[in-house]
Amino acid sequence: MFSAGGARSKEFAPAAVEAGAVVVDNSSAFRMDPDVPLVIPEINPEKIAEHNGIIANPNCSTIVGIVPVWPLHKANPVKRMVVSTYQAASGAGMRAMFELESQSREILDGKEPTCEAFPYQIAFNCFSHNSALDANGYNLEEVKMVKETRKIFDCPEIAITCTCIRIPVLRAHCESINLEFADPIRPEQVRDLLSTAPGVSVLDDRENNRFPMPIDATGKDDIFVGRIRQDGSIAENRGINIWVAGDQLRKGAALNAVQIAEKLL
Ligand SMILES: NC(=O)c1ccc[n+]([C@@H]2O[C@H](COP(=O)([O-])OP(=O)(O)OC[C@H]3O[C@@H](n4cnc5c(N)ncnc54)[C@H](OP(=O)(O)O)[C@@H]3O)[C@@H](O)[C@H]2O)c1
C-alpha cells in the first residue's frame with residue numbers, strides 16, 4: 001500500500017510489481033492510466049480482478065462525493081452533476097492540518113499568521129483549492145473529480161462541473177451536489193435508496209435543521225448525506241440537491257485502500 005505522494009509511487013511501485021507484489025496506490029500517479037483499475041469497492045469492485053499489478057485509490061473528494069451518488073445513478077441515470085466542495089485542511093497532508101491549528105493560535109494571540117504549507121491563510125478564511133489551474137481556469141482537484149467519476153462509473157458521457165474550496169476544518173470534506181436525472185425522482189425515493197446503500201448514512205433531520213457536519217463524519221467510515229431536496233429549477237422533477245460529509249482520511253483514502261486490499265485477498 002503506497003501513500004507517500006505520486007513521485008514516490010512512480011519511482012517505487014513498478015519495482016514492487018516486478019518483485020511480485022500487488023500495489024494499492026493512494027496517490028494520483030496511476031489513476032487515469034487505462035491499464036490501472038480505479039476502484040471504490042461499493043461501486044466497481046469487479047475492476048479489482050483486472051489489475052496488472054497496480055490498483056489505484058481515487059481522489060478523496062471524488063470518493064466522498066460519488067459513494068452516495070452511485071446508488072441513485074444505478075436506479076435513474078445521472079445526466080449532470082454540479083459539485084461544490086468544502087475541503088478540510090488535512091486533505092493537503094499533516095503539515096497543512098497543523099498549520100490550521102498554529103495559524104488559529106497566532107491570530108487569537110494577535111500575531112500575523114505564518115503561511116507555509118498553504119499559500120494563503122487557512123484559519124478564519126477559505127480559498128480556492130491549492131492545486132494548479134489549467135488553461136480553462138479549473139484547478140487540478142476539479143479536473144480529477146470529473147475524470148475519475150467518469151472512469152469509476154464507466155460513464156464517459158456524464159456531465160460534471162466542480163468548484164473546489166478549502167475551508168478551515170481539520171478533518172472531513174463536505175460537498176454540495178446538484179443532480180439532474182434522466183427520469184423524474186422524488187426526495188423520498190432518494191432517501192429510500194440511500195437508507196440501504198452500503199457506506200452511506202442518512203442524516204436528514206429537517207425538524208431540527210440538523211444535517212451532516214464534518215464533526216459527524218470525523219473518524220467514521222460512512223459518508224453522511226442530508227439536505228435531500230427537490231431542485232425545482234430542473235423540469236419534470238428530475239433535479240435533486242444533496243449535502244454530504246465524509247472523512248476524507250478514512251473513506252476518502254485509507255479505508256478505501258484497505259477495502260480494496262481486503263477484496264483482493
Ligand atoms: N490527506 C488526504 O486527505 C488524502 C486523501 C487521498 C489521497 N491522499 C494521498 O495520500 C498520499 C499521502 O498524503 P498525506 O496526506 O498522508 O501526506 P502527508 O501527511 O504529507 O504524509 C506523507 C507521508 O509520506 C511519508 N513519506 C514521504 N516520502 C517518503 C519516502 N520516500 N519513503 C517513505 N515514506 C515517505 C512521510 O514521511 P515523513 O513524515 O517521515 O516524511 C509522511 O508520513 C498522497 O499521495 C496524497 O495525494 C491523501
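The legends below walk through several close-up views of this predicted model.

**View 1. Gln103 in helix α3.**
Let us begin with Gln103, a residue of helix α3, which covers residues 94-108. Is Gln103 buried or exposed? Gln103 is buried, because 25 other C-beta atoms lie within 10 Å, and the threshold for calling a residue buried is 20 or more. Setting aside neighbours within four places in sequence, Gln103 has contacts with Pro113, Thr114, Gln121, Ile122 and Ala123. Cys115 is 12 residues away from Gln103 along the chain, and their C-alpha atoms are 7.9 Å apart.

**View 2. The shell around the ligand.**
Here we turn to the ligand, which has 17 residues around it. Which of them come nearest? They are Ala4, Ser27, Gly93, Met94 and Ala253. Two helices, α1 (6-18) and α7 (250-264), each contribute at least two residues to the shell. By character, the shell is made up of 11 polar residues, five nonpolar ones and one charged one.

**View 3. The largest nonpolar core.**
This view takes us into the largest nonpolar core, a set of 61 residues. Val67, Val69, Leu179, Val225 and Val244 are the members that touch the most others in the core. Helix α2 (residues 60-75) provides the largest share of this core, with eight residues. For a friendly guide to the surroundings, follow Val69: beyond residues up to four places away in sequence, Val69 touches Val78, Met81, Ile177 and Leu179.

**View 4. Strand β3 and its two partners.**
Strand β3 (residues 78-87) pairs with strand β6 (residues 173-181) in the antiparallel sense, over eight bridges. Look for Tyr86 here, whose bridge partner in β6 is Cys174. How do β3 and strand β5 (residues 159-166) run, parallel or antiparallel? These two strands run parallel and are joined by eight bridges. Across this pairing, Met81 stands opposite Ile160 of β5.

**View 5. Helix α4 and what covers it.**
Helix α4 has 14 residues, which at 1.5 Å a residue should span 20 Å; its end C-alpha atoms are 20 Å apart, so the expected and modelled spans agree. Several residues of α4 are buried, among them Glu141, Lys144, Met145, Ile152 and Phe153. The elements covering the buried residues of α4 include α2, β3 and β5. Just after the helix comes Asp154, with a positive phi near 50°.

**View 6. Pro156 in the loop after α4.**
Pro156 sits in the loop between α4 (140-153) and β5. Pro156 is exposed, because 8 other C-beta atoms lie within 10 Å, and a residue with 12 or fewer is classed as exposed. For another landmark, take Asn57: the C-alpha atoms of Pro156 and Asn57 are separated by 19 Å, and the two residues are 99 residues apart along the chain.

**View 7. Strand β9 between β6 and β8.**
Strand β9 (residues 239-246) is mostly covered, with seven of its eight residues buried. Which way does β9 pair with β6, and over how many bridges? The β6 and β9 strands pair in the antiparallel sense over eight bridges. One position to find is Glu180, opposite Gly239 of β9. Strand β8 (residues 223-230) also pairs with β9 in the antiparallel sense, over five bridges. In that pairing, Gly226 stands opposite Trp243 of β9.

How values were computed. Residues numbered from 1 in each chain as written. Predicted model: local features only at pLDDT ≥ 70, side-chain atom pairs only at ≥ 80, totals over all residues. Helix = DSSP H or I, 4+ residues; strand = E, 2+ residues; numbered from the N terminus. Contact = placed C-beta atoms within 7 Å. Near = placed C-beta within 6 Å. Nonpolar A, V, L, I, M, F, W, Y, C, P; charged D, E, K, R; others polar. Core = buried A, V, L, I, M, F, W, Y, C linked by C-beta atoms within 7 Å. Pairing = 2+ DSSP bridges. Expected span 1.5 Å × (residues − 1).
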